[in-house]
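Thank you all for coming; I would like to walk you through one model this morning, strand by strand, and then turn to a few backbone details. Please have the sequence and the structure open in front of you.

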Amino acid sequence: MIRRTKHIVIGMVLMFGAAGCGVEPGQPGHVASDTRGPAAAGESQGTALSSGDRIVKTDAEWRATLTPKQYLVLREQGTEPARTGEYEHMKEPGTYVCAGCGQALFSSDAKYDSGSGWPSFWEPIDEGHVETETDRGHGMVRTEVHCSRCAGHLGHIFEDGPRPTGLRYCINSVSLKHVPEGEGDAEE
Ligand code: FE
């Protein structure tokens, strides 16, 4: 019980100040990934996976491999507080990969400053590397976006982005890992 209470407190901290990302409160404590479910079965722990493979891990395995903040956002659809993420102002060229599984998600070429307080992109690096789901939580209807390989929650998509797509992928920094251009371990 103590551990659970502590977890809830951490979740509330992460919720605080998260109103700028299209009114983005997050949903700590709600394990949406369990209801969404993987599209393909198969246990996989390795890193030598093609982009078409799904990663399915138990809750305990995710807890063991992710930091508490990563777990809260990626697996429980939490939201990091606005203007606290390490990639909000990152301008270095490179690829942003999923912090949960390493799949390439966004290119620095599609990153822009939305002023929202979260890293923002106008398109994913590959349409097949992300999936969306309607999020009706908190009295709003939003489009949630997650990694297609591990189902990790990334953020939400809004229709107030720049050309050419007009979309804003509002993404939690903690869901991403920036791989500098030329370092080559980002999977395209
Ligand atoms: Fe992933």
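Let me begin with β5 and β6, which run antiparallel and are joined by six bridges; two strands count as paired here if DSSP finds at least two bridges between them, and strands (E, at least two residues) and helices (H or I, at least four residues) are DSSP runs, numbered from the N terminus. Before going further, I should say that this is a predicted model, in which local features need pLDDT of at least 70 and side-chain atom pairs count only at pLDDT 80 or more, while totals for chains, interfaces and linings use all residues. Residues are numbered from 1 along each chain as its sequence is written.

Within this pair, Asp135 stands opposite Arg142 in β6. The hairpin of β5 and β6 has six residues between the strands, and His138 takes a positive phi there, near 60 degrees. Strand β6 covers residues 142-147, and five of its six residues are buried, so the strand is largely enclosed by the rest of the structure; buried means that 20 or more other C-beta atoms lie within 10 Å of a residue's own, exposed means 12 or fewer, and partly exposed lies in between, with C-beta atoms placed from the backbone.

On to the next partner: β6 is joined to strand β7 (residues 153-158) by four bridges, again in the antiparallel sense, and His146 has His153 in β7 as its bridge partner. The hairpin of β6 and β7 has five residues between the strands, and here Ala151 takes a positive phi near 65 degrees.

These strands belong to an open sheet of six, with antiparallel pairing, in the order β3-β4-β8-β7-β6-β5. Its edge strands are β3 (111-112) and β5 (130-135), each of which pairs on one side only. At the β3 end, two bridges join that strand to β4 (residues 120-121), and the two run antiparallel, with Lys111 standing opposite Phe121 in β4. In the loop between β7 and β8 (168-171) we find Pro164, and the peptide bond leading to Pro164 from Arg163 is cis, with omega near 5 degrees.

There is also an open sheet of three strands, antiparallel and in the order β2-β1-β9. Here β2 (104-107) and β9 (176-180) stand at the edges with a single partner strand each, so one side of each is left without a neighbour in the sheet. Strand β1 (residues 94-98) pairs with β9 over five bridges in the antiparallel sense, and Thr95 has Val179 in β9 as its bridge partner.

Lastly, helix α4 (residues 68-75) is mostly covered, with six of its eight residues buried, among them Tyr71, Leu72 and Leu74. What kind of phi does Gln77, the residue that follows α4, have? The phi of Gln77 is positive, about 55 degrees, although the residue is not a glycine. Gln77 lies in the loop between α4 and β1, and that loop is also the place of Arg83, another residue that is not a glycine and has a positive phi, of about 60 degrees. Are these residues buried or exposed? Gln77 is buried, with 25 other C-beta atoms within 10 Å, whereas Arg83 is exposed, with 12 other C-beta atoms within 10 Å.
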